[in-house]
2 protein chains.
Amino acid sequence: MKIVACQMPAELEDVDARLAAIADIVRQARSKGADIAVFPELATTGYGLGDEIRALAEPIDGPAIARLKAVSAEFGVALVIGLPLVEDGIAYNSCAFIAPDGTVSSYNKIQLYGDYEKALFRPGCGAPPLFDYKGMRFGLLICFDVEFPERVRDLALRGAEAILVPTALPQSDGGRFIATSVIPVRAFENQVFVVYANHAGSDARFSYQGLSCIAAPDGALLAQAAEAGPAVICAELDKGAYDASREQNPYLSELRLHTGG
Amino acid sequence: MKIVACQMPAELEDVDARLAAIADIVRQARSKGADIAVFPELATTGYGLGDEIRALAEPIDGPAIARLKAVSAEFGVALVIGLPLVEDGIAYNSCAFIAPDGTVSSYNKIQLYGDYEKALFRPGCGAPPLFDYKGMRFGLLICFDVEFPERVRDLALRGAEAILVPTALPQSDGGRFIATSVIPVRAFENQVFVVYANHAGSDARFSYQGLSCIAAPDGALLAQAAEAGPAVICAELDKGAYDASREQNPYLSELRLHTGG
């Protein structure tokens, strides 16, 4: 299972430019032999667009997903991508898994971050979905979600072997710590892979931390992008390669949930 | 609030030698102006002593605690120290908080690690205690406990501002990752201090990682010992200095526990 995390430039100006860039990145991902390409949070609109994002939110069978399905089918690469979705007139900060065969599943972000997101979106209230693809079981989270250990644990206890995380991590000391320490620890403490795809550069409202990464079950970073600039980083997720780490760090089997809390 | 973490040499041969070394370290801690000195897991007996540890387990009003109370009172420094305690004939891997005024509270390790500990001890089943000392609220955990985010979250949600952790972390790649990445992340994701006191060197059974540390709510390491050799590391826990970090990383107030799990 080969996976890429796509660090996108925040400067891209509109949905058309972004969908074209996404198609181009998927072409690159295909040339690297990728099975899945993971894109940032709100990758189709940009994260910092403000109120306009709500107007751009589409239903799951809308034109943005239709174009992404066509891209996935054309290149034979599955996509995990952040975008605004609307259900019953309500906008969510969502992400979708889109397979080349047209399968789609989506997740609405539970842990909205700050006043900016809370003004734009309603928080999701359903459990993040798991999906099986090419012999591995995956879970989805978005940005702030993954900073809460409870959210990753929930997916790992339900059988996720890799957690795929579109993000829009802003540039700050905390941002650097999250990308270089929190993400590897989430992988280690659950003995799973974590794939974290961020924006880089700046839009009208925010600057982003870059540092997209792919962390292994033993906490090692298999790949990490720079702070600045677009990047397509790549790693092989070899789920059989970490038996010694799982034996030494048996957090899922040893967790005593109902004691002392 | 000034705190020290005491990294003890694993080679010390018996309880008398260890209690003498502990008294000497508390004298050093006093000279640094420390309010609390944190010692490793099973610091009074050594961690690797095997079956003998069960024979050395004492009740909370036994002679080891009595000597430690005298040391705390003599130097005016509170102690947090790992030692084997016995209750109703059952041995636990415990730690005690001992104040200069003779106050004692204790905790029995919930997350026993591996066959070695499980053969020696029964796991604790009570919630770890909180205690207030000189204007701060503290929680206790032992070694493997702190590697589970659930255990630290429980204490933080109950109001702990600093988590004090006697440990016996063995030397390994995982050990290095735990001391340098997992501990700072536990501090950051709860916006609390974590004080982690380990052994260094080797006893008859195990080699230890050293790297005792004091982590701040923003994930910074305020102090970290070397991998080898004894050390007394020191930091001021200034709980008012991290308001900006708490505002940017509001994990305790934003956690949506009952959604999507």
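Mentor: A polar contact is a pair of N or O atoms within 3.5 Å; within protein, one must be able to donate a hydrogen and the other to accept it, and residues adjacent in sequence count only if both atoms are side-chain atoms. This is a predicted model, in which local features need pLDDT of at least 70, side-chain atom pairs count only at pLDDT 80 or more, and totals for chains, interfaces and linings use all residues, while side-chain values use heavy atoms, without hydrogens or water. Residues are numbered from 1 along each chain as its sequence is written, and chains are lettered from A and ligands numbered from 1 in the order in which they are written.

Trainee: How many residue pairs are in polar contact between chain A and chain B?

Mentor: There are 18 such pairs between chain A and chain B, both residues at pLDDT 80 or more.

Trainee: And how many salt bridges?

Mentor: Six link chain A and chain B, taking a Lys or Arg side-chain nitrogen within 4 Å of an Asp or Glu carboxyl oxygen. One pair is Glu189(A) with Arg186(B), whose closest N and O atoms are 2.7 Å apart.

Trainee: Which element gives the largest share of the side of chain A that touches chain B?

Mentor: That is α7(A), with ten residues. Helices are DSSP runs of H or I of at least four residues, strands runs of E of at least two, both numbered from the N terminus.

Trainee: How much area is buried between the chains?

Mentor: About 3,300 Å² between chain A and chain B, 57% of it from carbon and sulfur atoms; this is accessible area (1.4 Å probe) lost on putting the two parts together, summed over both. Phe177(A), Tyr251(A) and Arg256(A) supply 17% of what chain A buries against chain B, more than any other three residues.

Trainee: Turning to the sheet in chain A, what is its strand order?

Mentor: The open sheet of chain A has six strands, ordered β6-β7-β8-β9-β12-β13, with mixed pairing; strands pair if DSSP finds at least two bridges between them. Its edge strands are β6 (130-133) and β13 (221-224) of chain A, each pairing on one side only.

Trainee: How do β12 and β13 of chain A run?

Mentor: They run antiparallel, joined by three bridges. Cys213(A) has Gln224(A) of β13(A) as its bridge partner.

Trainee: And in chain B, which strand is joined to β7 in parallel?

Mentor: Strand β8 (residues 162-166) of chain B is joined by three bridges to β7 (residues 136-140) of chain B. Leu140(B) stands opposite Leu164(B) in β8(B).

Trainee: Why do β6 and β13 of chain B each have one side without a neighbour?

Mentor: Both stand at the edges of the chain B sheet with a single partner strand each, so one side of each has no neighbour in the sheet.
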